[in-house]
Amino acid sequence: MKLAIGFAVTALLVVGLIAVARSDEGSNLAKHTVGNEKSGYVYASPDTRAMQDDDFSNPGFLWIERGKTLWNTPYGAAGKSCATCHGAAATSMKGVGAKYPVFDAAQGKVIDIEQRINLERTTRMGAAPFPWESRDLLAMTAYVKLQSRGMPVAVTTSGPAKVFWLEGKRFYDTRRGQLDMSCEQCHVQNNNNKLRSNTLSQGQINGFPTYRLKWQSLGSVQRRFRGCNKKVRAEPLPYGSQEYVDLELYVASLGQGLPVETPAVRQ
Amino acid sequence: MPNPIQNVETRLRVPSTATKGEIIEIKTLISHPMYSGFTKDSAGKTIPRDIINTFAVTYNGRPVFKMTLQPAISANPFIAFSVVADQTGTFDFTWTDDNGAAYKDQAQITVS
C-alpha cells in the first residue's frame, strides 16, 4: 500500500514538476555542502529537490501557513499571542532556529525548539502545551525555524552545553537494538554506501521539521530518531526524552555551517 | 478522527496577469489526509475512507478542469494544469471529499 502511495505521489509530482526540475543543479548542490558536510538535500532525487526548492509545491508550507496563524492568535489565561511580545517573527525569530538546541539556565539543561515553544506557552501564556508531534507544534516549530532558512547552523557545544553534547555523542556512538548498530556505523562509516536501494546520507538534521513523502506529513527530528531506532530494532525512546535532545545537539553540531532548510522535503 | 477534516488549508498559484491567448500554468495544493479506507488508527480501528474525490475549476463560470481522485493518491494532493487565458475574470476552485465537505478558493486574473 505504502509503495503504491509512493508511486502515486511520484507520478503526480512528475506531471506537475517536470518543468521546474533540473534547473542549475550543480550550483544548487554546492550551497548544501560545507567542507565534508553534506545536507540530505544532496542525496535526495532531483524531483524531491525540485519539490523543496519551490515554496509552492513544498507541502511543508501548509504547516508554515498554520504556524503563521498560530503566531498571531492569542492563547491561554494571559490572553497573549506570540506576536504580543515578539512582534513580527521575520525579525524577532531570525537566526533563532539555527542555534537550537541551546542550554537553558532556568531548566538547567539543553532544550530544543519544541520544548522552548511549550515552555513559553506554559510559563508565559498560561496555555496548555501542544502535544508532541501535533500539527500545531510542528507548525510553530517549522514557522520559527523558517525564519533562519539559509542561515548556517550554529549550535553551541562548549560551556554548560558541553556535558549534554558529550551525552549526545555517546548515544550516537553506542550500538543498540537487535541489530546492534550505532548511528555512527551507518551515517559515518557507511556514509555514501547503499542500504538496499538507498544511499546512506550523513543523517544531517538541518532541514527539520521535514516533510517526508513516506510520512505524507511534516515530522520532527525526534520522530526521525525514533524511526531510526526502530530500524535497528531498538526500543524507541519517548518524545522529548533528554537523550534525544542531547542527540539533536550532537547531530546538529555535525552539520555546523550547513544552511537551515526548514521545511525540507525528503523521500 | 476529526469529521469533517479540520483546518484544511488551500494554496493556489495563478498568474495575476496574462496576455490574451497565453497558456498559463495553475498550481494548487490542499492539506487533506486522504484516508484511503485501508488504514487503521492507533487503537486498531479501521479509519473510514475519506478522500478528496473531485476537484473542479471554473473560469468565469465555465468549467475548465475537472479531476476524479482515487484512494491511491497521497495526502495533501498537489495538482497542476494549464489553461488558455482568454478573458479577465475569476477562477473558482472546489475540492469535494467523501464526507461531502467542499473546500473552496478563488483567484483573479487580468487579461490584456
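**Exercise 1. Find the residue in β7(B) that is the bridge partner of B:I52.**

Solution. Step 1: in β7(B), B:I52 has B:D97 as its bridge partner. Before going on, note that this is a predicted model, where local features need pLDDT of at least 70 and side-chain atom pairs count only at pLDDT 80 or more, while totals for chains, interfaces and linings use all residues. Residues are numbered from 1 along each chain as its sequence is written, and chains are lettered from A and ligands numbered from 1 in the order in which they are written.

Step 2: put the residue pair into its strands. β4 (residues 52-59) and β7 (residues 89-97) of chain B pair in the antiparallel sense over seven bridges. Strands here are DSSP runs of E with at least two residues, helices are runs of H or I with at least four, and both are numbered from the N terminus. Two strands pair if DSSP finds at least two bridges between them.

Step 3: look at the other partner of β4(B). It is β5 (residues 62-68) of chain B, again antiparallel, with six bridges. Here B:F55 stands opposite B:M67. Two residues separate β4(B) from β5(B) in a hairpin, and B:N60 in the turn has a positive phi of about 50°.

**Exercise 2. Work out which residues of α5(A) are buried and what they pack against.**

Solution. Step 1: find the helix. α5 of chain A covers residues 60-71, 12 in number, and spans 17 Å from its first C-alpha to its last. That is close to the 16 Å expected at 1.5 Å a residue, where the expected span is 1.5 Å times one less than the number of residues.

Step 2: check burial. A residue is buried if 20 or more other C-beta atoms lie within 10 Å of its own, exposed if 12 or fewer, and partly exposed in between, with C-beta atoms placed from the backbone. The buried residues of α5(A) include A:F61, A:W63 and A:R66.

Step 3: list the neighbours. In chain A these buried residues pack against α10 (135-146), β7 (210-212), β8 (217-219) and β9 (265-266), and in chain B against β1 (10-13) and β3 (22-30).

Step 4: arrange three of those strands. In chain A, β8-β7-β9 is the order of an open sheet with mixed pairing. Its edge strands, β8 and β9, each pair on one side only. β7(A) and β9(A) run parallel, joined by two bridges.

**Exercise 3. Explain why the largest nonpolar core lies between two domains of chain A.**

Solution. Step 1: get the bounds. Domain 1 is 42-59 + 153-266 and domain 2 is 61-146, taken from an automatic or database domain assignment. Their C-alpha centres lie 21 Å apart. The contact takes 26 residues from domain 1 and 23 from domain 2, where two residues are in contact if their C-beta atoms, placed from the backbone, lie within 7 Å.

Step 2: describe the core. A nonpolar core is a set of buried Ala, Val, Leu, Ile, Met, Phe, Trp, Tyr and Cys residues joined through C-beta atoms within 7 Å. The largest one has 49 residues, and A:W63 and B:I52 are among those touching the most other members. Its largest share, eight residues, comes from α10(A).

Step 3: conclude. Both domains of chain A give residues to this core, so it lies between them.
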